[in-house]
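User: I am new to this structure. Please walk me through it with some questions and answers.

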Amino acid sequence: MTRLGVRGRLFTVSVLLILVVGAISAVYLEVQLRSWLRNRMEGELATRAEAARTALEVAGLPFDPGSVQPLVVRLGGALKARVTVLDAGGRVVADSQLDLPAIAELERHDGRPEVVAAEAGSPGVARRHSDTLHTDMLYVAVPFTAAGAAGVVRVATALEEVDEVVTRMRWMLLVASLVGLMVALVMSFLASHLLSRGLRELLASARSMLEGPGAEGPTPPQPPDEIAGIASSLTHLGTALEEVVETLANERDRFEGILEAMAEAVIALDAQHRVTLINGAGLQLLGLDAPPQDQPLLDALTPPLRDALAPVLTGRAEARDIELEGRQLQARITPQRGDEGIVMVLHDVTRLRRLETMRRDFVANVSHELRTPVSVICLNAETLRDGALNDRKRAPQFLEAMLRNAERLRALVSDLLDISRIESGKFPVHPETIPLGVVARRALESVEKLLEDKSMRLDVHVDPGLAVRADAKALEHVLINLLENAVKYTPETGHVELVARPDGDRVRVEVRDDGPGIPPEHRPRIFERFYRVDPGRAKHMGGTGLGLSIVKHLVASMEGAVGVEGNAPHGAVFWLTLPGADGEAPAEDDPAG
Ligand code: ADP
């Protein structure tokens with residue numbers, strides 16, 4: 001079945017409405033009209049009966065057909081009704097629509113209800129089909145007295161007049177319905193045209209929303225009419241909206257996830273500097289539990305924070321470094337797109353700045369360290385060139401100084417190279433299970449010459465079979481450094497010890513001496529590059545100031561720790577701990593002792 005469009009539906013509804021209303025009106029009107037007309041005719045007929053009675057009583061004619069009939073005929077003509085006169089016995093004496101012979105043949109009318117009522121003394125009314133006239137008739141009979149005798153005069157009229165009026169009314173209703181139908185046709189056409197134009201526009205806009213930029217998914221099937229089209233478009237629109245809302249929610253979650261994962265503090269502020277968004281890092285940095293509500297950010301902060309941030313927020317500089325409770329922060333302000341708000345990102349650059357300072361200091365230190373030996377070498381070379389070469393007594397001294405400083409340069413460059421290799425990961429450290437005794441013995445061999453020069457004694461207490469997880473080369477480097485320092489900074493009569501023992505699941509190695517030791521205030525910084533307790537003395541000893549820094553780096557890369565303590569009654573104890581070996585160390589020679 002083809003479905004009707006909006007126009008068709010509107011027209012059908014209008015026609016049905018007119019038909020139903022017309023039919024109901026017709027039935028109701030007919031019933032009402034019929035009863036009203038009949039009542040009216042009855043009233044009229046009663047009046048005419050009264051008139052006939054008056055005429056008959058005034059005439060006072062005897063109940064004899066011959067004398068009454070002419071008056072009755074005249075009365076019938078004047079009253080436009082059939083007038084019948086009956087005597088007290090119910091016999092018809094005269095009738096306006098019959099001639100005398102016909103009257104004589106008439107049966108007695110004494111049984112008729114209207115006649116019975118009139119004979120009883122009151123007007124009688126009856127409706128029935130007249131066999132004489134073959135039509136429905138209305139009768140009204142009233143009693144009268146003439147020439148001393150009582151009789152009944154009856155007036156009758158045909159009811160077909162009622163039918164005529166009803167038929168005319170039916171025709172009028174039909175015509176009215178037809179006119180109504182025409183009007184309904186035009187009106188429904190106009191209304192549906194206007195309505196369906198609106199609906200079509202609605203449908204078009206719903207479709208364009210569906211097919212708009214970013215809209216995806218299948219195109220809805222062509223609907224049978226505008227309303228179904230709008231319904232289907234709305235359904236699709238709803239689905240599309242749901243998808244969009246879900247995508248937006250996912251995006252929001254992703255965005256929040258990213259914001260929360262950021263180490264930087266991100267704070268979005270509106271034009272009045274109220275917080276519209278802040279991430280966890282932001283709350284933590286500003287010491288807040290929750291985003292401040294309905295007040296400018298600065299009002300919610302502690303005075304030091306307020307003082308630090310106020311110039312950033314009011315100055316509107318793009319980026320600015322601020323100091324906040326000992327931390328270096330870089331504040332970056334970006335105007336928000338679309339409104340007066342701003343986004344402030346606070347980046348903790350404390351470490352970065354410290355590294356920058358360290359690098360700057362390092363370069364300055366290296367230059368400073370290199371300058372002295374290079375100057376000495378140059379100066380001595382110049383002196384030799386300018387004649388001292390032939391001075392047999394001083395020339396060897398100049399050469400000796402040059403050699404000493406060249407050696408210092410070599411040591412410096414070698415340590416610098418080591419540091420640079422370690423820091424750039426080019427000093428590969430492969431921890432493995434190694435017997436500590438073997439490494440200790442190799443380290444001792446390297447400082448043997450120094451020991452001999454100073455005639456010093458060195459004791460080694462390493463548990464035989466003690467093994468560590470370490471890189472043999474790196475550990476040897478570390479031990480040599482610590483032993484060299486101990487020998488170097490301890491006076492000739494001094495004594496150095498290398499002790500190693502298990503310490504839980506780790507191994508603790510100590511290099512102890514009874515030299516001057518490290519004053520406690522210097523201990524925290526002693527592992528820094530170029531840090532020396534007594535710079536003049538250390539340089540004199542040929543130190544580069546880099547040894548302990550290399551030690552710290554190497555130990556750290558083997559997952560170990562390093563530190564310094566004082567020795568009793570004086571001297572230094574440099575200790576390091578390394579992971580112990582899980583299994584047995586590979587069999588090696590006994591450590592040197
Ligand atoms: P250097 O090459 O100057 O020895 P290090 O980094 O090895 O550089 O040592 C840094 C500083 O630590 C030294 O200059 C010295 O002042 C101090 N130091 C290191 N070891 C000892 C020690 N065993 N006794 C006293 N001072 C020491």
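The turns below cover the domains, the ligand site and two backbone details.

User: What kind of model is this?
Analyst: Keep this in mind for every value that follows. The model is predicted.

User: Which domains make up the chain?
Analyst: The division follows residue numbers. The chain is split into domain 1 (6-164), domain 2 (262-347), domain 3 (353-423) and domain 4 (432-579).

User: What distance separates the centres of domain 1 and domain 3?
Analyst: Domain 1 covers 6-164, and domain 3 covers 353-423. Their centres are taken over C-alpha atoms. The separation is 156 Å.

User: Which residues come nearest to the ligand?
Analyst: There are 19 residues around the ligand. The nearest of these are Asn485, Tyr489, Asp513, Thr544 and Leu548.

User: Which residue has a side-chain N or O atom 2.7 Å from an oxygen atom of the ligand?
Analyst: Aspartate 513 does not fit, since its polar side-chain atom lies 2.9 Å from a nitrogen atom of the ligand. Glycine 547 uses a backbone N or O atom, 3.3 Å from a ligand oxygen. The residue asked for is asparagine 485.

User: How much of the ligand does the protein bury?
Analyst: Start with the ligand taken alone, which exposes 530 Å². The protein buries 97% of that.

User: Which element gives the most residues to the shell around the ligand?
Analyst: The ligand takes up the space of the largest pocket. Two elements give two or more residues to its shell: helix 12 (472-489) and helix 14 (547-557). The top contributor gives 4 residues, and it is helix 12.

User: How many residues of the shell around the ligand are nonpolar?
Analyst: The shell mixes three classes of residue. It has 6 polar and 3 charged residues. The nonpolar count is 10.

User: Where is the cis peptide bond that leads from alanine 568 to proline 569?
Analyst: Most peptide bonds are trans. Here omega is near -5 degrees. Proline 569 is in the loop between strand 16 (561-566) and strand 17 (572-579).

User: What is the phi of lysine 80?
Analyst: Lysine 80 sits in the loop between helix 2 (65-79) and strand 1 (82-87). Most residues other than glycine have a negative phi. Lysine 80 has a positive value, near 50 degrees.

Methods: Residues are numbered from 1 along each chain as its sequence is written. This is a predicted model: local features need pLDDT of at least 70, side-chain atom pairs count only at pLDDT 80 or more; totals for chains, interfaces and linings use all residues. Side-chain values use heavy atoms; hydrogens and water are left out. A residue is near a molecule or strand if one of its heavy atoms lies within 4 Å of it. A polar contact is a pair of N or O atoms within 3.5 Å; within protein, one must be able to donate a hydrogen and the other to accept it, and residues adjacent in sequence count only if both atoms are side-chain atoms. Accessible areas come from the Shrake-Rupley method with a 1.4 Å probe; for residues, only the protein chains shown count as cover. On a 1 Å grid over the protein atoms alone, a cavity is a set of points where a 1.4 Å probe fits but cannot get out, and a pocket is an open set with protein on both sides within 12 Å along at least five of seven lines; lining residues have an atom within 4 Å of a point. A molecule sits in a cavity or pocket if more than half of its atoms lie within 2 Å of its grid points. Ala, Val, Leu, Ile, Met, Phe, Trp, Tyr, Cys and Pro count as nonpolar, Asp, Glu, Lys and Arg as charged, and the others, Gly among them, as polar. Domain bounds come from an automatic or database domain assignment.
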